[in-house]
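Subject: Structure handover

Hello,

Here is the structure we talked about. Please open it alongside this email.

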Amino acid sequence: LNEYAIMTLQLKRAIKFICLTMAFPIGILCGLGEPVLQRWLGDDFTDLAMLLFIIMIPWLVSISTKPCTALFRGTDNAKIPALVTLLIGVFNVGIAIILVSKTNLGLYAIGISLLICLTAKNFVFTTMYAAKISGVPKYTFMQSVISGCIAFFAVYIIGRVLANMYFLATLP
């Protein structure tokens, strides 16, 4: 195997490992969002459980694709990701302002903007750019993220079922 093949294999493993590792705590936090928010902040905040879900999904993808940034730096290909990050940040602010001013979504508008922009940047651009640099098919690294996202949704559903079956906010 050449160095790029070994690097690609290790990068796929790192992305999958991080995504699967983070899927459990983020899935539990989101699935048990209402009881966690009730216990932690009080009854007035339980209605923000969906906002917690919306905000946490982009972080699962972002954290999972962090090894790709090492690839960008190591191969001296960090300029394009930096420019894309800047543009996505501006786009994120723009979408948030539009959604806040034109809809009645409130805080959810900011979360939705974050969900769209961060997920697009990290799931689509970062994985595809890493694949381009590595010389592998463009969906190679996306597959590693998808497996972790499936695990996240499974844990999330289990957490939601438990939250609906039991009153978990009373647990210490």
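Below is what was found in it, from the whole chain down to single residues.

**Overall**

First, a caution: this is a predicted model. The protein has 172 residues, and 38% of them count as buried. Its secondary structure comes to 7 helices and 0 strands. From the N terminus on, the order of elements is therefore simply α-α-α-α-α-α-α. The C-alpha trace spans about 55 × 40 × 20 Å along its principal axes. Take the contacts with a sequence separation of 6 or more: 75% of them join residues 24 or more positions apart.

**Helix 3**

Start with helix 3, residues 49-64. Does its length fit its residue count, and why? At 1.5 Å a residue, its 16 residues should span 22 Å. The end C-alpha atoms are 23 Å apart, so the two values agree.

How many residues of helix 3 are buried? The count is 12 of 16, so the helix is mostly covered. The buried set is Ala49, Leu51, Leu52, Phe53, Ile54, Met56, Ile57, Pro58, Leu60, Val61, Ser62 and Ser64. What covers these residues? The cover includes helix 1 (3-31), helix 2 (33-41), helix 4 (66-74), helix 6 (107-134) and helix 7 (140-165). Two of these partners, helix 6 and helix 7, are described next.

**Helix 3 against helix 6**

Helix 3 packs on helix 6 at an angle of about 15°. Their axes are 8 Å apart. Angles under 35 degrees count as roughly parallel, so helix 3 and helix 6 are roughly parallel to each other. Helix 3 passes helix 6 in a left-handed crossing.

Which residues meet here? From helix 3 come Met50, Leu51, Ile54, Ile55, Ile57, Pro58, Trp59, Val61 and Ser62. From helix 6 come Leu107, Tyr108, Gly111, Ile112, Leu114, Leu115, Leu118, Thr119, Asn122 and Phe123. By class, this contact of helix 3 with helix 6 has 15 nonpolar residues, 4 polar and no charged.

**Helix 3 against helix 7**

Helix 7 runs the other way. Helix 3 and helix 7 pack at an angle of about 150°, with their axes 10 Å apart. Angles over 145 degrees count as roughly antiparallel, so helix 3 and helix 7 are roughly antiparallel to each other. The crossing of helix 3 with helix 7 is right-handed.

On the helix 3 side, the contact holds Phe53, Ile57, Leu60 and Val61. Helix 7 brings Val145, Gly148, Cys149, Phe152, Phe153 and Tyr156. The contact of helix 3 with helix 7 divides into 9 nonpolar residues, 1 polar and no charged.

Ile57 and Val61 appear in both lists: they meet helix 6, and they meet helix 7.

**Single residues to look at**

- **Gly27.** This residue sits in helix 1. Its relative accessible area is 0%, so Gly27 is buried. Gly27 touches Phe152, Val155 and Tyr156, leaving out residues up to four places away in sequence. Gly27 and Cys149 are 122 residues apart in sequence, yet their C-alpha atoms are 9.3 Å apart in space. Phe152 and Tyr156, two of the residues that Gly27 touches, also meet helix 3.
- **Ser113.** This residue is in helix 6. Is Ser113 buried or exposed? Its relative accessibility is 0%, so Ser113 counts as buried. Ser113 touches Asn92, Ile95, Ala96 and Leu99, not counting residues up to four places away in sequence.
- **Tyr129.** This residue is also in helix 6. Its relative accessible area is 10%; the cut-off for buried is under 20%, so Tyr129 is buried. Apart from neighbours within four places in sequence, Tyr129 is in contact with Phe72, Asn77, Ile80 and Pro81. Tyr129 and Pro81 lie 48 residues apart along the chain, and their C-alpha atoms are separated by 8.2 Å.
- **Gln38.** This residue is found in helix 2. Its relative accessibility is 23%, so Gln38 counts as partly exposed. Gln38 and Leu48 are 10 residues apart along the chain, with 9.9 Å between their C-alpha atoms.

**In brief**

Helix 3 is mostly covered. Helix 6 is roughly parallel to helix 3, and helix 7 is roughly antiparallel to helix 3. Neither contact has charged residues: there are none with helix 6 and none with helix 7.

Best wishes

Definitions and conventions. Residues are numbered from 1 along each chain as its sequence is written. This is a predicted model: local features need pLDDT of at least 70, side-chain atom pairs count only at pLDDT 80 or more; totals for chains, interfaces and linings use all residues. Side-chain values use heavy atoms; hydrogens and water are left out. Helices (H or I, at least four residues) and strands (E, at least two) are DSSP runs, numbered from the N terminus. The expected span of a helix is 1.5 Å times one less than its number of residues. Buried means under 20% relative accessible area, exposed over 50%, partly exposed in between (1.4 Å probe, protein chains only). Contact means heavy atoms within 4.5 Å. Axes are lines fitted to C-alpha atoms, for helices over the stretch in contact, and angles run from 0 to 180 degrees between N-to-C directions. Angles under 35 degrees count as roughly parallel, over 145 as roughly antiparallel, 65 to 115 as roughly perpendicular and the rest as oblique. A crossing is left-handed if the near helix is turned anticlockwise from the far one by less than a right angle, and right-handed if clockwise. Ala, Val, Leu, Ile, Met, Phe, Trp, Tyr, Cys and Pro count as nonpolar, Asp, Glu, Lys and Arg as charged, and the others, Gly among them, as polar.
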